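Trainee: Could you take me through one part of this model up close? I'd like to start at one strand and follow what it touches.

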Amino acid sequence: MEFINAGFGNYIAAERIITVAAPDAAPIKRMVQDGKETGRVIDISCGRKTKSVLFTNSDYIILSALTPDKIYALLNGEKTDFTEENNP
């Protein structure tokens with residue numbers, strides 16, 4: 001099982017992620033709100049602005065402070081300049 005660093009010491013199983021989306025679209029906002037009401041949202045942004053929303057195959061929604069591009073790069077095993085010091 002491969003994990004990706006989603007920031008602030010939080011790791012996500014890469015094989016569980018179905019979709020990575022920007023949080024700006026109205027349908028995504030509705031899905032996040034519905035998820036909060038049913039207790040299916042995990043916020044790992046540590047108080048920072050949510051820049052990406054990750055949907056998992058176990059019906060959980062994960063809010064991250066990393067951009068969708070950075071999550072995509074991590075999922076594809078690309079090298080990134082990500083460190084805890086320059087985390088967005």
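Mentor: Before we start, a word on naming: strands here are DSSP runs of E, at least two residues long, numbered from the N terminus. With that in hand, Phe-3 belongs to strand β1, and that strand is a good place to begin. Keep in mind that this is a predicted model.

β1 covers residues 3-7, and four of its five residues are buried. So where does Phe-3 fall, buried or exposed? Neither, quite: its relative accessibility is 47%, and because buried means under 20% and exposed over 50%, Phe-3 counts as partly exposed. On the outside, Phe-3 joins Met-1 and Tyr-11 in a nonpolar surface patch, and together the three have about 410 Å² of accessible area. Phe-3 also has partners further along the chain: it touches Tyr-11, Ile-12, Ala-13 and Ala-14, leaving aside residues up to four places away in sequence. Take Ala-14 from that group: 11 residues separate it from Phe-3 in sequence, yet their C-alpha atoms are 5.3 Å apart.

Now look at the pairing. β1 runs antiparallel to β2, residues 10-13, with four bridges joining them. Gly-7 has Asn-10 of β2 as its bridge partner. The two strands make a hairpin with two residues between them, and in that turn Phe-8 has a positive phi of about 60°.

Next door to Phe-3 in sequence, Ile-4 takes us inward. It is part of the largest nonpolar core, which has 11 residues, including Ala-6, Ile-12, Ala-14, Ile-17, Ile-44 and Leu-54. β1 and α2 (68-75) are the elements that give two or more residues to this core. You can see both sides of that in the contacts of Ile-4: with residues up to four places away not counted, it touches Asn-10, Tyr-11, Ile-12, Ala-14 and Ile-17, and also Ile-71, Leu-74 and Leu-75. There is another core apart from this one, with seven residues, among them Ala-21, Val-32, Val-53 and Leu-63.

Follow Ile-17 and Leu-54 out of the largest core and you get to β5. Ile-17 stands opposite Thr-56 in β5, and the strand β3 (residues 17-21) pairs with β5 in the antiparallel sense over four bridges. In a regular strand, side chains alternate between the two faces of the sheet. For β5, which spans residues 52-56, five of its five residues are buried. Ser-52, Leu-54 and Thr-56 are on one side, Val-53 and Phe-55 are on the other, and both faces are covered.

β5 has another antiparallel partner in β6, residues 61-64, again through four bridges. Ser-52 stands opposite Ser-64 there. These two strands form a hairpin with four residues between them, and Asp-59 in the turn has a positive phi of about 65°.

Finish on Leu-63, which lies in β6 and is one of the residues in that other core. Leu-63 has a relative accessible area of 5%, so it is buried. Beyond four places in sequence it touches Val-32, Lys-36, Val-41, Ile-42, Asp-43, Ile-44, Ser-45, Thr-50, Ser-52 and Val-53. Of these, Ile-44 is 19 residues away along the chain, with a C-alpha separation of 5.8 Å from Leu-63. Ile-44 itself is listed in the largest core, so that contact takes us back to where Ile-4 sits.

Note on methods
Residues are numbered from 1 along each chain as its sequence is written. This is a predicted model: local features need pLDDT of at least 70, side-chain atom pairs count only at pLDDT 80 or more; totals for chains, interfaces and linings use all residues. Side-chain values use heavy atoms; hydrogens and water are left out. A nonpolar core is a set of buried Ala, Val, Leu, Ile, Met, Phe, Trp, Tyr and Cys residues joined through side-chain atoms within 4.5 Å. Buried means under 20% relative accessible area, exposed over 50%, partly exposed in between (1.4 Å probe, protein chains only). Contact means heavy atoms within 4.5 Å. Two strands pair if DSSP finds at least two bridges between them. Patches are made of residues with over 30% relative accessible area and no salt bridge: like charges are joined within 9 Å, nonpolar side chains (Val, Leu, Ile, Met, Phe, Trp, Tyr) within 5 Å. Accessible areas come from the Shrake-Rupley method with a 1.4 Å probe; for residues, only the protein chains shown count as cover. A salt bridge is a side-chain nitrogen of Lys or Arg within 4 Å of a carboxyl oxygen of Asp or Glu.
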